[in-house]
Amino acid sequence: MTSYFKLYANCILVKGINNSVIYDLFLSRYYVLPIELANLINEFEESSFDCVISSHQDFQSEITSFCNELINQGYADWFEEDELELYPNVNLEWDYPAHITNVVINSNNHKVISKTLMLVEDLLTPAVLLRTNKVDTNLLVLLNKVLETSIVSHIEIITPILSVTHKEIERNMRLKTIWLGNKIPSEFKNYAKIKSIKERVYFKQKHPVYELFTESQAHHTYFNRKMYIGVKGEIKNAPECKEEFGNINDLESVEELKQIIATSEFQKYWFVHKGLCDVCKDCEFRHMCVDNRLPYQRKDGSWYHKTECNYNPYICKLKEEEGYQPLVEIGVVSNENGFSIDHEKIAAINKMLWKEESENA
Ligand code: SF4
C-alpha cells in the first residue's frame, strides 16, 4: 500500500511571505513553520510520501522527523490511498443568523442604551459592548429589565466607575466582563469578572478558531456585521468610521434600522478581507487577526492602511521583539500612491537578522 502524509482536515496551512502557520481550527492552536516546510506540505498533498521523499534525497531524515513531529503533535497522520476520500476538506463558507453580530454602544444616556438594546433584539445580535461613564444599580436594573428575554447572550462594559456590589453583577448572567479604566476597587480584587482596561492591546493576536477563520475568507473580521451607537445616538458601522447613518433616537421601527444596515455604504468595509489589503495579504496570521485599523481604497481599487500593524510579516517580528524594524525601513512602501516591496533588501535583512538569532541561540 502507498502511504500519504496529510494534515487533518481541521488543520489548515496558511502561507505568509516569509513564514507559514498551520491553524488547528478545532483545538484553537497553531504551529509556525518556515516557507520551505510549507512547500513540502503542498507536495505531500499531491503525491505519496515515497514519491516526495525520493525527490529530496539529501534531506530524507530531516523530512521524516518533521513529519513525525507533526504527527506526534496531532496535526497530521499517515493515510493509505483508499482512505484519502474519507477525509474531505472542511467547509469554509461563513454566514451567521443575525443582521448584526456585535454592537458597540458608547453612551451614558439610559434612554439611548435601552432603545438600542430593544432594537438589537430584532437584529438577532448575540454580543454587546457598552462604554459608559458609570455602572450603578440603575444601569444594571435597566439591563436586566430590557434583556430579560433577549437573544443577547454576552455583554461587556467599559467604565471608569463601578458603584455596585458583587451580587448585583452576578444577578445579570449576560454580563460577562467589566473593563475598568481606573484602579480596581479593593473589594473587587480577585473577582473574575473585573479586569483592568490596560490589559487590552491594540493588536491582540487571536487563537485560530473555525468561525473567525471562515469569516476571514471573504470578510473584514472587525468591521463585518458590526454596529456602533455613539454618544448622541449617531449610528455608524464602527467607532473608527467617519460616516454616520442617522440617529437611533429618530428611528421609529427596527425596519428603518435594517434598511440602513442593508445599504452598501454601511457595509463599505464588511468585505475588505485581509487578502485584499497591502501587507496583510502577505501575513501568515491574516485568518486569525482582528485588526481595527480602517482600510483605505486607492483609485485602482486596491486597499492599504495609513498606520502600521505591530507585526511585520516580512521579517516575522513583533514591535516589542529584538530586531524589529518598521516597514519603511525594510523597503516596503504602502500609501495612497501604491504598494512596493524591495525583495532584495528584505532578503538581505532577513539573512542578517536570522543568522544572528541562530548564532545567539
Ligand atoms: S499584518 Fe498585522 S493586521 Fe495584517 S494580518 Fe498580519 S497581524 Fe493582522
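Reader: By class, how many nonpolar, polar and charged residues does the shell around the ligand have?
Author: This is a predicted model, in which local features need pLDDT of at least 70, side-chain atom pairs count only at pLDDT 80 or more, and totals for chains, interfaces and linings use all residues. Ala, Val, Leu, Ile, Met, Phe, Trp, Tyr, Cys and Pro count as nonpolar, Asp, Glu, Lys and Arg as charged, and the others, Gly among them, as polar. On that basis the shell has eight nonpolar, no polar and three charged residues.

Reader: Which residues surround the ligand?
Author: Residues are numbered from 1 along each chain as its sequence is written. A residue is near a molecule or strand if its C-beta atom, placed from the backbone, lies within 6 Å of it. The ligand is surrounded by Lys 274, Val 279, Cys 280, Cys 283, Phe 285, Arg 286, Cys 289, Asp 291, Cys 309, Tyr 311 and Pro 313.

Reader: What is the mean pLDDT of the protein chain?
Author: pLDDT is the predictor's confidence in each residue, from 0 to 100. In this chain 90% of the residues reach 70 or more. The mean is 89.

Reader: Over which residues does pLDDT stay under 50?
Author: Where pLDDT is low, the predicted coordinates should not be read in detail. The model has 25 contacts beyond four places in sequence for the stretch in question. Two residues are in contact if their C-beta atoms, placed from the backbone, lie within 7 Å. The stretch under 50 is residues 189-205.

Reader: How many helices and strands does the protein chain have?
Author: Both are DSSP runs, numbered from the N terminus: helices are H or I with at least four residues, strands are E with at least two. The C-alpha trace spans about 75 × 50 × 45 Å along its principal axes. The chain has 10 helices and 20 strands.

Reader: What share of the 361 residues is buried?
Author: A residue is buried if 20 or more other C-beta atoms lie within 10 Å of its own, exposed if 12 or fewer, and partly exposed in between; C-beta atoms are placed from the backbone. The buried share of the chain is 26%.

Reader: Which residues touch the most other members of the largest nonpolar core?
Author: A nonpolar core is a set of buried Ala, Val, Leu, Ile, Met, Phe, Trp, Tyr and Cys residues joined through C-beta atoms within 7 Å. This one has 33 residues. Those that touch the most other members are Cys 11, Val 21, Ile 22, Tyr 23 and Phe 285.

Reader: Which elements give two or more residues to this core?
Author: Four strands and a helix do. They are β1 (3-7), β2 (11-15), β3 (19-24), β4 (29-34) and α3 (60-72).

Reader: Between which domains does this core lie?
Author: Domain bounds come from an automatic or database domain assignment. That assignment gives domain 1 (3-86), domain 2 (102-261) and domain 3 (274-360). Two of these both give residues to the core, so it lies between domain 1 and domain 3.

Reader: Which element gives the most to the side of domain 1 that touches domain 3?
Author: The centres of the two domains, taken over C-alpha atoms, are 26 Å apart. Their contact takes nine residues from domain 1 and 10 residues from domain 3. By class, the domain 1 side has four nonpolar, four polar and one charged residues. With four residues, the element that gives the most is β3.

Reader: Is Arg 225 buried or exposed?
Author: Arg 225 lies in the loop between α7 (210-216) and β13 (226-229). Arg 225 is not a glycine, yet its phi is positive, about 55°. With 21 C-beta neighbours inside 10 Å, Arg 225 counts as buried.

Reader: Cys 316 is not a glycine; about what is its positive phi?
Author: Cys 316 is found in the loop between β17 (311-312) and β18 (317-318). Cys 316 counts as buried, because it has 21 C-beta neighbours inside 10 Å. Its phi is about 55°.

Reader: Which residues does Leu 147 touch, not counting residues up to four places away in sequence?
Author: Leu 147 sits in the loop between α5 (137-146) and β9 (154-159). Leu 147 is buried, with 22 other C-beta atoms within 10 Å. Beyond four places in sequence, Leu 147 touches Leu 117, Val 152 and Arg 174.

Reader: Is Glu 45 buried or exposed?
Author: Glu 45 lies in helix α1 (residues 35-46). Glu 45 and Phe 5 are 40 residues apart in sequence and 7.7 Å apart in space, C-alpha to C-alpha. With 12 other C-beta atoms within 10 Å, Glu 45 is exposed.
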